[in-house]
Number of protein chains: 2
Amino acid sequence: MTKVLILGGGGMVGQKLARKLLAEGLPGHGTLDITLHDLGFPPDGAVIADKRTGDLSNLAEGAALAAERFDVVFFLASIVSGEAETDFDKGWQTNLWPMWHFLEGLRAQHRASAGAYVPRVVFTSSIAVFGGPYPDKIDDDFLQSPQTSYGAQKAACELMIQDFSRKGFIDGLSLRLPTICVRPGKANLAASSFFSGIIREPLNGMEARLPVPDTVRHWHASPRSAAGFLTHAATLDTDHLEGRRALNLPGLSCTVAEQIEALRDVAGSNAVQRIRPEPDEAVMAIVSGWPRNFAPERATALGFKAESSFREIIEVYLDEDFQGTDPR
Amino acid sequence: MTKVLILGGGGMVGQKLARKLLAEGLPGHGTLDITLHDLGFPPDGAVIADKRTGDLSNLAEGAALAAERFDVVFFLASIVSGEAETDFDKGWQTNLWPMWHFLEGLRAQHRASAGAYVPRVVFTSSIAVFGGPYPDKIDDDFLQSPQTSYGAQKAACELMIQDFSRKGFIDGLSLRLPTICVRPGKANLAASSFFSGIIREPLNGMEARLPVPDTVRHWHASPRSAAGFLTHAATLDTDHLEGRRALNLPGLSCTVAEQIEALRDVAGSNAVQRIRPEPDEAVMAIVSGWPRNFAPERATALGFKAESSFREIIEVYLDEDFQGTDPR
């Protein structure tokens, strides 16, 4: 029996991951005993008996969870970029300190077990750890110079995970996720929310707001890929990381115009006409600082996989989350 | 009157900086009102009236200092790499949390002044933020992947300084100092201590231990250069940093063999014979992970300067710190 904890298990990616673990398990592990932890859970969510409602900002909660000695921990809990930028205090209090205290809790268990307990920790970092100016493609040796609080917090968490791992207290890695697209459900406070909105809303017969020019290029992967990254990271031989425990993941680089053409290809021009350009200087300012393209050679060599066209990304949404009449 | 605070003002670099400020002031500033803070001070130290003995690990102390609204803060306080590696708790407690709480203290003053108070903060980071494998020369875009706790702590402090600066709460920058050589005084717990020891001890008629092969290449600058980096950073127009507030500084790349030949050149073969090879696997393991050479184009363009030969570095030691009969 492998004990698995998903921190942030009520969120979109956490739910995708839980469903994938229920359906497929983890290679090399037997039965999984899965625990979800989050501020709340969707009513129609993944069928997991052990759902804990709580808040890691109460630092004692992280220590209490750590004391249960989970074998694999997925650390997805975070507030999103837009909120961390608006509320400086909440950003650092939510996105950094709970990580430190949880890692300290794991280290206490490591010590108490005389070194026998070394949990795998998979952390969802972000391409927001990077800041421009960028090369055409960001390679695996590019500096972290975040231009948002969210990115700074993710980068600081990466440093902690790397140091705790180097010392052998945990066996951790950080995944710099591409922007996850198409997110099901409603728009959220992330500045990147519109990348999903301009596909999801038109497919559902609704109007979508496009706050940036269609020449904006960005780096995407589907929720299905995100769940795949996480389970792959949970079973990876971390010796292959050679001490660099943060990975740029594969994704798809495309412009908003290319996203829109893929939508037209799948759902026709009527769908495209539901996209309403509505320039927003604040969103443009944030997005203009974001990475556009990567050459993620290490993660690709390690077997991480993502989509190779934006049409494929739309099709994942239609297959997994779309409730209406399939336009294909 | 410009109020200047040197945190870690009792240390070797802090003292060099204090003497330089006393002698030269700061370009563009009038009279300086200098305060030093540290765990203790050397008896024959720089003549500064306002010396505060204290410990930033008492987090309230940082907040109290911040409340005095210094115009320029040099943040040098830190435990060294060897100690941070041996004592994991002490490393993070000393090298990270005091920075956060001090920055929060400055932010509280920024708010209380309705945004008028924006202190310059100059932080001594380190080339320990890097980890191998390295290119021949590390350029300004190279990733931070520290392989020591000290390096991870310095890199995390850099992220905080960058984010507080981006938000306008402070006007900060982080200087990734080369290894400072020749350090006067006694050996310390830094794994890099021998780089100074093999020059300083022979010049003073004492035996020196060389724990690594003489093929080891490393990146050096003198204490005089370190003080120069700090005063230059205090008066730099930070708009030129374009949002990347950590800088790789200029230095001199040379091998231990080249260091030894420079010593022979200055002080003769008798001095060189006082160097005793005594291989130490632990030191070699640490040093083998360190950077060897840089192409610090940004800092050079911004006017930071270091020595261009190791002989020059030895001569700075003879000029500033050597007490014996000058061998030149």
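Is B:R69 buried, exposed or partly exposed, judged by the other C-beta atoms within 10 Å? The points below take up this question together with the wider arrangement of the predicted model.

1. Opening question. B:R69 is partly exposed, because 16 other C-beta atoms lie within 10 Å, whereas a buried residue needs 20 or more and an exposed one has 12 or fewer. The residue belongs to the loop between α2 (59-66) and β4 (72-75) of chain B. Its phi is near 50°, a positive value in a residue other than glycine.

2. A second positive phi. Most residues other than glycine have a negative phi. A:E242 is not a glycine, yet its phi is positive, at about 50°. This residue is found in the loop between α8 (223-235) and β10 of chain A. A:E242 counts as exposed because it has 12 C-beta neighbours inside 10 Å.

3. Cis peptide bonds. Most peptide bonds are trans. In chain A, the bond joining A:C181 and A:V182 is cis, with omega about 0°. A:V182 is part of the loop between β7 (179-180) and α7 (193-203) of chain A. In chain B, a cis peptide bond joins B:C181 and B:V182, and omega there is about 5°. B:V182 sits in the loop between β7 (179-180) and α7 (193-203) of chain B.

4. The sheet of chain A. Seven strands form an open sheet with parallel pairing, in the order β3-β2-β1-β4-β5-β6-β10 (chain A). At its edges are β3 and β10 (246-248) of chain A, each of which pairs on one side only. From one strand to the next, the twist averages 20°.

5. Strand β2 and its partners. Strand β2 (residues 32-38) of chain A runs parallel to strand β1 (residues 2-7) of chain A, and 6 bridges join the two. Within this pairing, A:V4 is placed opposite A:I34 of β2(A). Strand β3 (residues 50-53) of chain A also runs parallel to β2(A), joined to it by 4 bridges. Here A:L36 is placed opposite A:K51 of β3(A). Of the 7 residues of β2(A), 5 are buried, so the strand is largely enclosed by the rest of the structure. In a regular strand, side chains alternate between the two faces of the sheet.

6. Helix α1 against the sheet. Helix α1 (residues 12-24) of chain A, together with β1(A) and β2(A), makes a right-handed β-α-β unit. The helix lies across β1, β2, β4 and β5 of chain A, and it runs at about 170° to β2(A).

7. Strands β4 and β5. In chain A, strand β4 (residues 72-75) and strand β5 (residues 120-126) pair in the parallel sense, over 4 bridges. One of the partnerships links A:F74 to A:V122 in β5(A).

8. Relation of the two chains. A turn of 180° with a shift of 0.0 Å along the axis lays chain B on chain A, with an RMSD of 0.0 Å. The two copies are therefore related as by a two-fold rotation axis. In chain B, the C-alpha nearest this axis belongs to B:L143 and is 1.8 Å from it. Both copies use the same surface, since 100% of the contact residues of chain B recur in chain A.

Conventions. Residues numbered from 1 in each chain as written. Chains lettered and ligands numbered in written order. Predicted model: local features only at pLDDT ≥ 70, side-chain atom pairs only at ≥ 80, totals over all residues. Least-squares fit on C-alpha atoms with pLDDT ≥ 70 in both. Contact = placed C-beta atoms within 7 Å. Pairing = 2+ DSSP bridges. Right-handed = clockwise from strand over helix to strand, strands pointing away. Axes fitted to C-alpha atoms, helices over the stretch in contact; angles between N-to-C directions.
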